[in-house]
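Please open the structure in your viewer and keep the selection tool at hand, for this tour moves from one stop to the next and says at each stop what to select and what is there.

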Amino acid sequence: MLRIDHLGHRYDDGPDVLQDIELTVPEGQLVTLVGPSGCGKSTLLRCVAGLVRPSAGRITLDGEVVDGVPDRLGVVFQDYSRSLFPWLTVRENVALPLRRRGLPRAQRHAAAVAMLEQVGLADAARRHPWQLSGGMQQRVALARALAARPALLLMDEPFGALDAQTREDLEDLLLRLHRAQGMTTVLVTHDIDESVYVADRVVVLAPGPGRVRADLPVALPADRDQIATRGLPEFIALRTEVGRAVRQGTATPPPRPLGHL
Amino acid sequence: MTASATLHTVRRLPRTLALRLGVPVVAVVLWQLAARAHGSVFFPTPARIVEHGYHLWFSGPAGRAFLTDAAVRDLLPSLGRVLAGFALAAAGGIVLGLALGRSRTVYALCDPVLQFARAVPPPALVPVFVVVFDLGTPMQLASIVFGAIWPVLINTAEGVRGIDPLRLDVAATVRMRPAERIVLLYLPAALPRIFAGLRLSLSLSLILMVFSELLPGTADGMGFQLTDAQTRSDLLTVWAVMVLLGALGHLLNSVLLTVERLALGRHHAAHRS
Ligand SMILES: Nc1ncnc2c1ncn2[C@@H]1O[C@H](COP(=O)(O)OP(=O)(O)OP(=O)(O)O)[C@@H](O)[C@H]1O
Ligand SMILES: [Mg+2]
């Protein structure tokens with residue numbers, strides 16, 4: 001279980017980026033985080049990952065205070081081409097988090113290949129990341145994040161740089177892996193449809209400083225289907241609600257009457 | 001490289017070779033003709049220089065790889081010095097560069113000293129080493145190492161400093177240990193810069209090798225042979241040593257470039273495409 005308590009953050013002497021964030025994610029839940037650009041989504045995720053030390057409040061993971069990168073954590077970044085190491089093979093990239101598990105080399109490789117099988121890339125194990133398409137690279141990044149069976153998976157706009165078809169494939173892959181491994185997951189996205197489609201729950205952040213504006217449960221059937229689920233009235237209603245919450249306060253004012261000119 | 005690109009390169013090979021060899025061949029032929037026409041003892045023809053060098057160094061017994069006594073006395077010590085000096089400078093530069101590049105603060109503190117040390121023309125330091133060390137190999141090695149270490153050191157540090165912050169985040173989230181970070185992230189990421197530094201260091205090593213052997217008190221090496229032949233007005237030997245130094249420099253550089261291509265080719269193909 002992930003608990004975020006009165007979390008606040010500012011970078012150096014800058015303005016507050018996050019203020020008094022309260023959020024509890026039960027074990028195994030998949031939460032999506034949406035909000036306008038610059039509202040602090042990445043900052044929140046980096047605090048949870050232990051990459052940024054928050055200036056106020058605290059984060060606990062299964063009762064332990066997060067202070068530095070937690071033990072059982074997987075992270076997927078948006079920019080797969082930079083996040084994968086080009087000088088390592090796909091298999092070596094995926095095996096990176098297994099080193100800390102103290103496994104011998106052969107077992108690391110076997111576990112990495114098994115993980116690659118789950119993302120449909122067993123054949124690419126010996127290739128280099130730059131020999132793969134963008135979608136395949138992000139699958140590798142996902143396999144790396146999950147190879148050590150993390151209790152918590154954090155994803156920062158993981159599918160934002162992919163084309164629509166590939167994005168849908170990867171959303172379904174994430175749902176499948178989430179069901180198989182049951183890791184608590186926090187996914188940041190710009191895509192409101194995506195935030196509803198993959199989630200058990202959608203949290204909307206408001207900007208300046210970032211705080212929780214809406215916290216919406218997703219009451220859709222657990223079996224999601226790209227065509228059928230997106231056509232459900234509940235899906236459309238929820239998507240509208242999320243969209244409204246994201247835009248609230250940032251809507252452009254109506255045009256002024258021409259007579260004033 | 002794709003198959004068709006390989007084929008393309010192979011087809012163009014004769015042309016490339018002709019272009020690359022053509023100019024040097026023409027230059028040597030012109031040199032030969034000009035020297036023969038002029039007939040000066042100060043400018044012997046390339047044919048005579050090569051012949052002289054061959055008799056001097058490479059006409060020895062087959063069991064000793066055709067090396068003559070003079071070659072063993074003059075070439076091997078020089079080769080040993082330049083290789084040992086370059087190896088020490090490379091190893092020291094990479095280790096210190098890694099240490100400096102990892103910490104922003106340490107780098108900022110050391111930067112002025114580094115810039116100063118780098119700005120001193122290396123040969124100017126040699127007299128200092130003559131005083132500190134005894135004449136001979138220790139002094140010569142110290143001159144090479146201290147003169148040639150800076151390009152590797154600074155390039156390695158810059159390479160490490162320039163690592164994509166996202167990659168550092170990845171290293172943190174997969175919880176790499178410090179030693180793993182060096183082997184799996186810092187070194188491979190800085191490798192192109194490290195090789196750029198090594199190429200500069202290699203040519204500096206060669207220059208410093210010759211320079212340190214020119215000093216009085218040296219009794220062997222190519223630099224010594226150069227001054228020795230000059231005092232005896234043996235211009236043919238002076239020319240032969242110069243040609244041999246050029247060939248040696250070219251050879252060492254080609255070896256380094258090949259190593260670089262092998263080391264970077266596979267890992268960094270993404271950056272070149
Ligand atoms: N390293 C940093 N130093 C200083 N300020 C930062 C830093 N990182 C982010 N900020 C600032 O904090 C605020 C929130 O940034 P953050 O990246 O968390 O937003 P975001 O919600 O992820 O935006 P986006 O949707 O565009 O990715 C922004 O105003 C940004 O300028
Ligand atoms: Mg962001």
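Begin by selecting D193(A) and R239(A), whose side chains meet in a salt bridge with an N to O distance of 3.4 Å. This pair links distant parts of the chain, since D193(A) belongs to helix 7 (residues 192–197) of chain A and R239(A) to helix 9 (residues 233–247) of chain A, 46 residues apart. Please keep in mind, here and at every later stop, that this is a predicted model. D193(A) counts as partly exposed because its relative accessibility is 23%, and R239(A), at 34%, also counts as partly exposed. As background, side chains of opposite charge can pair when their charged atoms come close.

How many salt bridges does a search of the whole structure find over all chains? The search finds 24, and the next two stops show two of them in chain B.

Select E213(B) together with R81(B), and you will find their side chains meeting in a salt bridge of 2.5 Å, taken from N to O. Here too the pair links distant parts of the chain, with E213(B) in helix 8 (residues 178–214) of chain B and R81(B) in helix 3 (residues 69–102) of chain B, 132 residues apart. Are these two residues buried or exposed? E213(B) is buried, with a relative accessible area of 0%, and R81(B), at 6% relative accessibility, counts as buried as well. Before leaving the subject of charge pairs, add E171(A) and R230(A) to a selection of D193(A) and R239(A), because salt bridges that share partners join these four residues into one network.

Now select D69(B) and R64(B), where a salt bridge of 3.0 Å, N to O, brings the two side chains together. In this pair D69(B) is exposed, with a relative accessible area of 55%, while R64(B) is partly exposed at 36%.

Next, turn to the open space in chain B by selecting R20(B), P24(B), A27(B), V28(B), W31(B), V243(B), G246(B), A247(B), H250(B), N253(B), S254(B) and L257(B), which line the largest pocket. The volume of this pocket is about 330 Å³. Helix 1 and helix 10 (235–265) of chain B each supply at least two residues of its lining, and helix 10 gives the most, with seven residues. If you colour the lining by class, you should see seven nonpolar residues, four polar ones and one charged one.

Stay with chain B and select L13(B), L17(B), L21(B), V25(B), V26(B), V29(B), L30(B) and L33(B), which make a nonpolar surface patch of about 740 Å². One of these residues, L21(B), has its place in helix 1 (residues 3–38) of chain B and is exposed, with a relative accessible area of 51%.

The following stops concern enclosed spaces, of which a search of the whole structure finds three with a volume of 30 Å³ or more. For the largest cavity, which holds about 80 Å³ of space, select the lining residues, including D71(A), R72(A), R100(A), R101(A) and, from the other chain, T173(B), V174(B) and R175(B). By class, this lining has five nonpolar, one polar and five charged residues.

The second largest cavity has about 60 Å³ of space, and among its lining residues are L73(A), G74(A), V75(A), F77(A), V170(B) and V174(B). Which element gives the most to this lining? Strand 6 of chain A does, with three residues, and the lining divides into seven nonpolar, two polar and one charged.

For the last part of the tour, select helix 1 (residues 41–48) of chain A, which is largely enclosed by the rest of the structure because six of its eight residues are buried. Those buried residues are K41(A), T43(A), L44(A), L45(A), C47(A) and V48(A). Just after this helix, G50(A) takes a positive phi of about 80°.

Finish at L162(A), in the loop between strand 7 (152–156) and helix 6 (164–181) of chain A, where the residue counts as buried at 7% relative accessibility. If you draw a distance from the C-alpha atom of L162(A) to that of G210(A), 48 residues apart along the chain, the separation is 27 Å.

Terms used: Residues are numbered from 1 along each chain as its sequence is written. Chains are lettered from A and ligands numbered from 1 in the order in which they are written. This is a predicted model: local features need pLDDT of at least 70, side-chain atom pairs count only at pLDDT 80 or more; totals for chains, interfaces and linings use all residues. Side-chain values use heavy atoms; hydrogens and water are left out. Patches are made of residues with over 30% relative accessible area and no salt bridge: like charges are joined within 9 Å, nonpolar side chains (Val, Leu, Ile, Met, Phe, Trp, Tyr) within 5 Å. Accessible areas come from the Shrake-Rupley method with a 1.4 Å probe; for residues, only the protein chains shown count as cover. Helices (H or I, at least four residues) and strands (E, at least two) are DSSP runs, numbered from the N terminus. Buried means under 20% relative accessible area, exposed over 50%, partly exposed in between (1.4 Å probe, protein chains only). On a 1 Å grid over the protein atoms alone, a cavity is a set of points where a 1.4 Å probe fits but cannot get out, and a pocket is an open set with protein on both sides within 12 Å along at least five of seven lines; lining residues have an atom within 4 Å of a point. Grid points are joined across faces, edges and corners, and a volume is the space filled by probe spheres set on the points. Ala, Val, Leu, Ile, Met, Phe, Trp, Tyr, Cys and Pro count as nonpolar, Asp, Glu, Lys and Arg as charged, and the others, Gly among them, as polar.
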